[in-house]
Amino acid sequence: MPVFTQNPDPRSLVERPADDLLAAGTRMGAVELLVRNLDAMIAFYSSGVTLEVLEQVGETAVLGRAGHPLVRLRRVPDLPPRRPGEAGLFHTAVLFDDKPALAAAVASVATHAPRSFTGSADHLYSEAFYFDDPEGNGVELYVDRPRESWQRDANGLLQTATNPLDPNAFLRANLAAPSSGSAGPPATLGHVHLQVGDIGAARDFYVDALGFEVMSDLGSALFIAAGGYHHHIAVNTWGTAGAGPRAAALGLGQVNIALPDDDDVAALRQRLTDHGVGVRHDGAVLRFDDPWGTLIQVEATGA
């Protein structure tokens, strides 16, 4: 991934009313992937990434940690692969609780799928390792640095970088180290990174209508979040600039977002309606599509 400098849109620098924003307790739910070879994909995410198979019924499997779903695999063998240049998934990012847990997962993927590694980087706020699953979906495994160490630039945006990170040195330093013993789940779905056709249109939808805040703006990539996180969703146009609505294909099925309570879902529904976004709501789950046809599902979790 190339190194970029901040190129903020002026709208990123304007303070927004709380009613225009998603709740601070917003988090990402499981990502659905449409797959051809369910057995191979289960093996990669379980034996490799170290997720647990929480449920498998027919052509669908749900994997996660400590009862928390992170990835939902649904076999749809008749779909074609995603074509180059089309909008879709850049990667699904699994956030680990500490460096030893991340090191164990990185070593496990290297053992079970040695040719899947695509790179690593120190992003200042996180340390990340990148892989491709057996069907070409990007996967990031990462750990955050303490939030109090995150730095902002003169515009108030979060500083980010793509600095070198030696995988072997990271493993030597952390693989045998004791875990922090945190009471939280050992891994969660930290963020989802999408490829889109236009950054301006993505900003209009994900920031202005949906209610995320811009955390970093690199011109060809936008990193957005709720509650001050470095990003819950990222969008880029690296190889997909000008892409239109997605064709039915293997890869990304849907993105799930979890809000704290029903009032937050109701406020989002109203905000999307005010921005002219068509929504479907069955009383429990709110569904709508982004400008490239990616299905987004939102529900309250009582967090």
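## Pocket linings

Let's start with the walls of the largest pocket. Its lining residues split into 14 nonpolar, twelve polar and four charged. This is a predicted model, so keep that in mind for everything below.

The lining of the largest pocket runs to 30 residues, and Arg27, Met28, Gly29, Pro69 and Ala258 sit nearest the pocket's centre. The space inside comes to about 580 Å³. As for who builds the wall, at least two residues apiece come from β1 (27-28), β5 (68-75), β10 (187-195), β14 (251-259) and β17 (295-300). Strand β5 gives the largest share, with five residues.

## The runner-up pocket

The second largest pocket holds about 460 Å³ of space. Around this pocket there are 25 lining residues, with Phe90, Asp132, Gly136, Asn137 and Gly138 nearest the centre. Two or more lining residues come from each of β6 (88-96), β7 (117-122), β8 (126-132), β9 (138-144) and β14. Strand β14 also supplies at least two residues to the lining of the largest pocket.

By residue type, the lining of the second largest pocket breaks down into eleven nonpolar, ten polar and four charged.

## Overall build

Stepping back to the whole chain, there are five helices and 17 strands. The C-alpha trace spans about 50 × 50 × 40 Å along its principal axes. Is the radius of gyration what a compact globule would have, or not what it would have? For 303 residues the expected value is near 19 Å, and the chain's 18 Å agrees with that.

Buried residues account for 50% of the 303 in the chain. Contacts reach a long way along the sequence, too: of those between residues at least 6 apart, 69% join residues at least 24 apart.

## Nonpolar cores

In soluble globular proteins, nonpolar side chains tend to be buried together. Here, the largest nonpolar core has 70 residues. The ones with the most contacts inside that core are Tyr45, Leu73, Leu141, Leu194, Tyr206, Leu210 and Phe288. A second core, separate from the largest one, has 17 residues, including Ala93, Ala221, Phe223 and Ala225.

Tyr45 is a handy one to click on. Leaving out residues up to four places away in sequence, Tyr45 touches Leu33, Thr50, Leu51, Leu63, Val71, Leu73, Asp133 and Val139. Leu73 is on that list, and Leu73 is also among the residues with the most contacts inside the largest core.

## Two loops with positive phi

Thr50, one of the residues that Tyr45 touches, has a phi near 75 degrees, which is positive in a residue other than glycine. Thr50 belongs to the loop between α1 (38-48) and β3 (52-57). Is Thr50 buried or partly exposed? Partly exposed, because its relative accessible area is 22% and the buried class stops under 20%.

Leu124 has a positive phi as well, near 80 degrees, and again the residue is not glycine. You'll find Leu124 in the loop between β7 and β8, two strands that each give two or more residues to the lining of the second largest pocket. Leu124 is partly exposed, at 34% relative accessible area.

## A few more residues to click on

Thr240 is in the loop between β13 (233-236) and β14, yet at 2% relative accessibility Thr240 counts as buried. What does Thr240 touch, not counting residues up to four places away in sequence? The partners are Arg82, Gly85, Glu86, Gln195, Val196 and Gly197.

Asp97 is another loop residue, between β6 and α2 (99-112). With 31% relative accessibility, Asp97 counts as partly exposed. Asp97 and Pro164 are 67 residues apart in sequence, and their C-alpha atoms are 22 Å apart in space.

Val279, on the other hand, is in a strand, β15 (residues 279-281). Val279 is partly exposed at 24% relative accessibility. Setting aside neighbours within four places in sequence, Val279 contacts Arg269, Leu272, Thr273, Leu286, Arg287 and Phe288. Phe288 turns up again among the residues with the most contacts inside the largest core. From Val279 to Asp9 the C-alpha distance is 28 Å, across 270 residues of sequence.

Definitions and conventions. Residues numbered from 1 in each chain as written. Heavy atoms only, no water. 1 Å grid on protein atoms, 1.4 Å probe; cavity = no way out; pocket = protein on both sides within 12 Å on 5 of 7 lines; lining within 4 Å. Points joined across faces, edges and corners; volume = space filled by probe spheres on them. Helix = DSSP H or I, 4+ residues; strand = E, 2+ residues; numbered from the N terminus. Nonpolar A, V, L, I, M, F, W, Y, C, P; charged D, E, K, R; others polar. Core = buried A, V, L, I, M, F, W, Y, C linked by side-chain atoms within 4.5 Å. Buried < 20%, exposed > 50% of the residue type's maximum accessible area, 1.4 Å probe, protein only. Contact = heavy atoms within 4.5 Å. Rg over C-alpha atoms; globule rule 2.2 N^0.38 Å.
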